[in-house]
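Colleague: Please take a close look at one part of this model, the surroundings of the ligand. I would like a connected account rather than a list.

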Amino acid sequence: MRRGSGPQPKDMAMTRTLTSLRLALCLSLAIGATGAVAQAYDPMRPAANPLAPSAPAPDPATPEAAPNPELGDLPDGDGAEATYYQCVACHSTAIIRQQRLTDARWDYLWSWMVKEQGMYEPDDETKDEILTYLKTHFSSER
Ligand code: HEC
């Protein structure tokens, strides 16, 4: 008897859908992972890709500061240390280094981290120092 033995066409279609969903998920995870790896320090990597729409052309007058391995590879500069100690309490610096955001987005993310994640908010001077550092080094605007 055919009926009841083995998966029915409808079930098989469902199985296929699930399989391709899983595949898509794996792919996006893999892409996410390689994305993070691509952000690891590479001395041969150009400062920015001038062909990418959001990336500004590299400005030879202001070369990006060297990543400091003692600060989770955050580029050296005013506020680098404060940023490191403020932010690594919860996650690695990779999540910061891979960003290119507008100033407004950094302001928003700061409040989000404070309100939604319970980030400790330092004094205004330190907050200003960190936000200036983030807007200087991980900006889509400059
Ligand atoms: C109290 C914990 C905590 C602290 C401290 C913290 N974060 Fe986060 N942050 C999170 C969590 C939770 C997420 C979202 C989960 C994830 O993606 O790992 C996140 C995500 C992010 C993201 C990704 C947002 C996005 O759009 O995907 C950025 C960028 C970020 N944090 C930057 C910072 C910076 C910069 C600092 C320091 C000023 C900081 N975080 C400090 C908890 C924190």
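Modeller: What follows describes the ligand shell and then a helix pair that borders on the topic. This is a predicted model, in which local features need pLDDT of at least 70 and side-chain atom pairs count only at pLDDT 80 or more, while totals for chains, interfaces and linings use all residues. Residues are numbered from 1 along each chain as its sequence is written.

The protein chain has five helices and two strands, where helices (H or I, at least four residues) and strands (E, at least two) are DSSP runs numbered from the N terminus. Around the ligand there are 15 residues, of which Cys87, Ala89, Cys90, Gln117 and Met119 come nearest; a residue counts as near if its C-beta atom, placed from the backbone, lies within 6 Å of the molecule. Two or more residues of this shell come from each of helix H2 (80–87), helix H3 (94–97), helix H4 (103–117) and helix H5 (124–137). H4 gives the most, three residues.

Two of these helices, H2 and H5, also pack against each other, at an angle of about 100° with their axes 9 Å apart. The axes are lines fitted to C-alpha atoms, for helices over the stretch in contact, and angles run from 0 to 180 degrees between N-to-C directions. H2 is therefore roughly perpendicular to H5, a label for angles of 65 to 115 degrees. Ala80, Ala82, Thr83 and Gln86 of H2 meet Thr126, Glu129, Ile130, Tyr133 and Leu134 of H5, contact being C-beta atoms, placed from the backbone, within 7 Å.

Notes:
Angles under 35 degrees count as roughly parallel, over 145 as roughly antiparallel, 65 to 115 as roughly perpendicular and the rest as oblique. Two residues are in contact if their C-beta atoms, placed from the backbone, lie within 7 Å.
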